[in-house]
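Colleague: Could you take a close look at one part of this model for me? I'd like to hear about the cysteines, and then whatever surrounds them.

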Amino acid sequence: SLTSDVYHLDEASCVIKAAVLNEKGQVVANGFAQEDKSSSYINKTSYVENCETSAWGRALSPSLCPYLR
């Protein structure tokens, strides 16, 4: 399964952790991401979505997730 946890969220930035769990509920890979609302034009409205997407990209990276090897 896949989970997301918000570690920090305010009007200026966010930090999210994404995790991949196996059938026993054990974490087999995870990824963290941080985004600032002011860092780009897109982040003005979508910094939380971009943060979660980045965290998932890191968690699902074949080098980190054994299920994708």
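Modeller: There are zero disulfides in the structure, and keep in mind that this is a predicted model. Cysteine 14 is in no disulfide, and its nearest cysteine sulfur, on cysteine 51, sits 3.3 Å away. Cysteine 51 is likewise in no disulfide, with the sulfur of cysteine 14 as its nearest at 3.3 Å. The cut-off explains the call: a disulfide needs the two sulfur atoms within 2.5 Å. As for exposure, cysteine 14 has a relative accessible area of 0%, so it is buried. Cysteine 51 is buried too, again with a relative accessible area of 0%.

Both cysteines belong to the largest nonpolar core, which has 11 residues. Besides Cys14 and Cys51, the members are Ile16, Ala18, Val20, Ala29, Ala33, Tyr47, Ala55, Trp56 and Ala59. Each of β2, β3 and α1 supplies at least two residues of this core, and α1 gives the largest share, five residues. In soluble globular proteins, nonpolar side chains do tend to be buried together. For a closer view of the packing, take alanine 55: leaving out residues up to four places away in sequence, it touches Ile16, Ala18, Gly31, Phe32 and Ala33.

Now the framework. Helix α1 (residues 43-59) lies across β1, β2 and β3, and runs at about 155° to β3. Those strands make an open sheet of three in the order β1-β2-β3, with antiparallel pairing. β1 (2-9) and β3 (27-36) are at the edges with a single partner strand each, so one side of each has no neighbour in the sheet. From one strand to the next, the twist averages 15°. Between β1 and β2 the antiparallel pairing covers seven bridges; one to look up is serine 4, whose bridge partner in β2 is alanine 18, the same Ala18 listed in the core.

Last stop, the start of β2. Serine 13 is in this strand, which spans residues 13-21. With 13% relative accessibility, serine 13 counts as buried, because the limit for buried is under 20%. The side chain of serine 13 makes a polar contact of 3.2 Å with the side chain of histidine 8. Setting aside neighbours within four places in sequence, serine 13 is in contact with His8, Gln34, Glu35, Asp36 and Tyr47. Tyr47 takes you back to where we were, since it is one of the residues in the nonpolar core.

Note on methods
Residues numbered from 1 in each chain as written. Predicted model: local features only at pLDDT ≥ 70, side-chain atom pairs only at ≥ 80, totals over all residues. Heavy atoms only, no water. Helix = DSSP H or I, 4+ residues; strand = E, 2+ residues; numbered from the N terminus. Buried < 20%, exposed > 50% of the residue type's maximum accessible area, 1.4 Å probe, protein only. Polar contact = N/O pair within 3.5 Å; in protein donor to acceptor, adjacent residues only side chain to side chain. Contact = heavy atoms within 4.5 Å. Pairing = 2+ DSSP bridges. Axes fitted to C-alpha atoms, helices over the stretch in contact; angles between N-to-C directions. Core = buried A, V, L, I, M, F, W, Y, C linked by side-chain atoms within 4.5 Å.
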